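Please open the model in your viewer and keep the selection panel at hand. The tour below proceeds from one selection to the next and describes what is found at each stop.

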Amino acid sequence: MGKASKDKRDIYYRKAKEQGWRARSAFKLLQIDEEFNIFQGVKHVVDLCAAPGSWSQVLSRKLYMPSKLSPDSGDGVVPLIVAIDLQPMAPIDGVIQVQGDITNAQTAEVVIKHFDGCKADLVVCDGAPDVTGLHDMDEFVQSQLILAALTIVTHVLRVGGKFIAKIFRGKDTSLLYCQLKLFFPIVTFAKPKSSRNSSIEAFAVCENYSPPEGFNEKDLYRLLEKVGSPSGVSDSDCSSGWLEGANKVYIPFLACGDLSGYDSDRSYPLPCSAEGPSYQSLDPVQPPIAPPYKTALELKKNLP
Ligand SMILES: C[S@@+](CC[C@H](N)C(=O)[O-])C[C@H]1O[C@@H](n2cnc3c(N)ncnc32)[C@H](O)[C@@H]1O
């Protein structure tokens, strides 16, 4: 498929290049913000699974750049943005980068160290495993990433803070919803307009972090395992019978972003100049600096 063809079929891909975003995912975070105002009062953020960095760019432009341009306008608190990914990322103004696996305790410790003495107001996680196409498997691996993210959340997020995480909708969506509800009184599953309808992805928008009374971070997994068991934890949404039958639990699900705006499942004609169709496709803003396929290409080059 040619670059122009992709520009035509994916308006958000084209707009991302025009607006200087490293990935079309930037629009997902921006559209979630339009609906939920997630950056209000936010100074300290963790961006989990951040490469190639479009969400970090949004955080930098929304939080770091304004404070850099007019340092006296705020409350004097310097924004702190910590981004983590398995892959290395090209630098972004005001973003501290950590290369590591979020399911690894050592990575979590490095992140926590950056927040030494202070807490995060917001944790975002756009993590996605390499999708296999086997939905149950993909959903399971995705849920493990969210639980790893939740572990970091319980260590760094301040009470009242927010957590945004990519989820894959599937048979365990109700379980995940009820697990998140243990820590956040308000949990909404949101589908930004820039996320394709054909994709099973959505985003859990979790507000007002309130861990259970007496909660100890070490007990996280034990507590999560209890969700759905007959003697387990329950609240008004997640009663003990929610696992039986279809859709026992009501999950708030919301489409977000300007609904009259661009539709990610539609093709849009390319802009043409008055003299004719002289459309020039832009190059990606930041090609990956260490793509996984690079090693494969190098190995191939050395074949006899
Ligand atoms: C959809 S991309 C994130 C896009 C990013 N939010 C942006 O706007 O550029 C998913 C990322 O998750 C990362 N990832 C997957 N599993 C991870 C793990 N266990 N630890 C850290 N990063 C992980 C991948 O390396 C990949 O860069």
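Begin with helix α4. The model is a predicted one, and the buried residues of α4 are covered by a set of elements that includes α3 (25-36), β1 (44-48), β2 (80-85), β3 (95-99), β4 and β7 (201-207). Display these elements around the helix, then colour the buried positions of α4 itself: Ser 54, Trp 55, Ser 56, Gln 57, Val 58, Leu 59, Ser 60, Leu 63 and Tyr 64. Now centre the view on Ser 60, where helix α4 (residues 54-69) has a kink of about 40°. Ser 60 is also one of the buried residues of this helix.

Next, turn to the nonpolar interior. Select Ile 102, Phe 163, Phe 183 and Phe 184, the residues with the most contacts inside the largest nonpolar core, which has 48 residues. Helix α6 (residues 135-156) supplies the largest share of this core, namely nine residues. A second core, separate from it, comprises 33 residues, among them Leu 30, Leu 59, Val 95 and Phe 203. Leu 59 brings the view back to α4, where this residue is buried.

Return to Ile 102 and show its surroundings. Leaving aside residues up to four places away in sequence, Ile 102 touches Leu 48, Cys 49, Ile 84, Thr 107, Cys 125, Leu 145, Ala 148, Ala 149 and Ile 152.

The next selection is Lys 166, in strand β5. UniProt lists Lys 166 under "active site", in an unreviewed entry. Is Lys 166 buried or exposed? Its relative accessibility is 8%, so Lys 166 counts as buried. With residues up to four places away in sequence again set aside, Lys 166 touches Cys 125, Asp 126, Gly 127, Ala 128, Gln 142, Ile 146, Glu 201, Ala 202 and Phe 203. Phe 203, in this list of contacts, is also included in the second nonpolar core.

The remaining stops concern charged side chains. How many salt bridges does a search of the whole structure find? The search finds twelve.

Select Lys 17 and Asp 7, whose salt bridge has its closest N and O atoms 2.9 Å apart. The pair links distant parts of the chain, with Lys 17 in helix α2 (residues 11-19) and Asp 7 in helix α1 (residues 3-9), ten residues apart. Lys 17 has a relative accessible area of 9% and is therefore buried; Asp 7, at 0% relative accessibility, likewise counts as buried.

Proceed to Asp 121 and Arg 158, which meet through their side chains in a salt bridge of 2.8 Å, N to O. This pair also links distant parts of the chain: Asp 121 lies in strand β4 (residues 120-125) and Arg 158 in strand β5 (residues 157-168), 37 residues apart. Asp 121 is buried, with a relative accessible area of 9%, whereas Arg 158 is partly exposed, at 32%.

Then select Asp 219 and Arg 222, which form a salt bridge with the closest N and O atoms 3.4 Å apart. Asp 219 is partly exposed, with a relative accessible area of 28%, while Arg 222 counts as exposed, at 57%. For the final selection, highlight Lys 28, Asp 126, Lys 166 and Glu 201 together, since salt bridges that share partners join these four into one network. Asp 126 and Glu 201 were already met among the residues that Lys 166 touches.

Definitions and conventions
Residues numbered from 1 in each chain as written. Predicted model: local features only at pLDDT ≥ 70, side-chain atom pairs only at ≥ 80, totals over all residues. Heavy atoms only, no water. Helix = DSSP H or I, 4+ residues; strand = E, 2+ residues; numbered from the N terminus. Buried < 20%, exposed > 50% of the residue type's maximum accessible area, 1.4 Å probe, protein only. Core = buried A, V, L, I, M, F, W, Y, C linked by side-chain atoms within 4.5 Å. Contact = heavy atoms within 4.5 Å. UniProt positions renumbered as here; feature names shortened; annotations may be inferred. Bend = angle between axes of the 7 residues up to and from the residue.
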